[in-house]
Amino acid sequence: MSATETSISIPAELLPEDGRFGSGPSKVRQEALTSFLDIAPRYLGTSHRQNEVKREVSRLQNGLSELFSLPQEWEILLGNGGSTLFWDAASFNLIDFKSQHLSFGEFSSKFATVVQKAPHLEEPEIISSVPGTCPAADPSNVDVYALTHNETSTGVTATLNRPSKDALTLVDATSAAGAINWDSDQVDCYYFAPQKALASDGGLWLAACSPAAIARIEKLSGGERWTPAGLDLGIALSNSRQNQTYNTPSLATIFLAAEMVEWINASGGLSWADERCRRSSNTIYEWASDRTFAEPFVNQISDRSPVVCTIDFEDVDAGAISRVLRANGIVDTESYRKLGRNQIRVATFPAVEPSDVDALCACLDFVVEALS
Ligand SMILES: Cc1ncc(COP(=O)(O)O)c(C=O)c1O
């Protein structure tokens, strides 16, 4: 940090109550941590095959079904390894021959690469667009359409419309699940990890699966294709039906995710969370639009993420802003490293208080003024 940066001290009355604005792992609510401390002595350090843990897994599964208003026959699967592992698993047990991928950022492109390298699958169709935009699917002869609900690397949100009824639609909802409305009619598999909008910790994947997705898993898992056991969604399915995971999960991650889902459901459900995130993100986008030195990175207003706000800066070093914020207790506003822009990235997940987003904007004004 330069001497100027080090000397900037944001007045206490401007600071948010909680300075965590990271895009994941993200702010975990204090109330969830307090409940965790209550249950921890009879939960942490106990067998993950016994009722205490099964109850929490079931609470999480039922809570997610309620949160997403899932039809009765949908199921919530879970396993270890986060969304990255789920891509590998999907390449074995959800894609039959060929998939089409919308690639518009780091995460959507990573899944496409997994499939490109899978020797048992045909070359996928990849439809790309430049960072900050979202491409459209092109109905074709594939058995899976894959897209990302919210591109965490760029702050672009996709509209979920099933391209065709003849193929499965798989949605990476890692930074969207629990924060952005979606319609289960348009999707077959909505998968995510809970360290973002669900304000928990990492290491777990969760997937809401339609009957068609379950049927595909059962067909491919029970078929001739060799699948490593840890990636076998058929094994994950039978464990999930018993409120279990195939191997030992992080019990804390499961508990904190269940707490968050329950909190959102009790507060008004997914629409409530969606509205809260839109209010917070609008605060940031309006702040940037009203400044001469800043502007939202995503041009198309309808593509702007309600949970990951990317803001470009001109004539001010965005890296310096993030460094000064961090030194003052406001953390993880740095741009996605590989995007390489003069940018900050601010998460407005449901756990983030809208009043803290107001405070962040006041702090940004203070820091920019001080830096110039
Ligand atoms: C959209 C998206 N997909 C996938 C991932 C990877 O998730 P995990 O780290 O749980 O494997 C991330 C993580 O940032 C993400 O934002």
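The exchange below goes through this predicted model by asking what supports each description.

User: What should be kept in mind about numbering and about the model being predicted?
Analyst: Residues are numbered from 1 along each chain as its sequence is written. Because the model is predicted, local features need pLDDT of at least 70 and side-chain atom pairs count only at pLDDT 80 or more, while totals for chains, interfaces and linings use all residues.

User: Why is Thr348 called buried?
Analyst: A residue is buried if 20 or more other C-beta atoms, placed from the backbone, lie within 10 Å of its own, exposed if 12 or fewer, and partly exposed in between. Thr348 has 31 C-beta neighbours inside 10 Å, and therefore counts as buried. Thr348 sits in the loop between strand 12 and helix 11, where helices (H or I, at least four residues) and strands (E, at least two) are DSSP runs numbered from the N terminus.

User: Which residues is Thr348 in contact with, leaving aside neighbours within four places in sequence?
Analyst: Contact requires C-beta atoms, placed from the backbone, within 7 Å, and by that criterion the partners of Thr348 include Cys277, Ser280, Ile284, Pro306 and Val357. The C-alpha atoms of Thr348 and Phe21 are separated by 7.0 Å, although the two residues are 327 apart along the chain.

User: How do you know that the span of helix 11 agrees with its number of residues?
Analyst: The expected span is 1.5 Å times one less than the number of residues. For the 18 residues of helix 11 (residues 354–371) this should give 26 Å, and the end C-alpha atoms are 26 Å apart, so the two agree. Among the buried residues of helix 11 are Val357, Leu360, Leu364 and Val368, and the buried residues of this helix pack against helix 9, helix 10 (318–327) and strand 12 (343–347).

User: What makes the largest nonpolar core lie between the two domains?
Analyst: A nonpolar core is a set of buried Ala, Val, Leu, Ile, Met, Phe, Trp, Tyr and Cys residues joined through C-beta atoms within 7 Å. The largest one has 110 residues, with Leu94, Cys189, Tyr190 and Ala207 having the most contacts inside it. Helix 8 (residues 251–267) gives the most to this core, with 9 residues. Domain 1 (3–28 + 269–371) and domain 2 (30–266) both give residues to this core, so it lies between them; the domain bounds come from an automatic or database domain assignment.

User: How many residues of each domain are in contact with the other?
Analyst: 31 residues of domain 1 are in contact with 32 residues of domain 2. Helix 9 gives the largest share of the side of domain 1 that touches domain 2, at 6 residues.

User: Why is Ser69 called partly exposed, and why is Ala199 called buried?
Analyst: Ser69 has 14 other C-beta atoms within 10 Å and is therefore partly exposed, whereas Ala199 has 27 such atoms and is therefore buried. Ser69 has a positive phi of about 50° although it is not a glycine, and phi of Ala199, also a residue other than glycine, is near 45°. Ser69 is in the loop between helix 3 (51–67) and strand 1 (75–80), and Ala199 is in the loop between strand 8 (189–192) and strand 9 (204–209).

User: What is the peptide bond from Gly24 to Pro25, cis or trans?
Analyst: This bond is cis, with omega near 0°, and Pro25 lies in the loop between helix 1 (3–7) and helix 2 (30–43).

Note on methods:
Contact = placed C-beta atoms within 7 Å.
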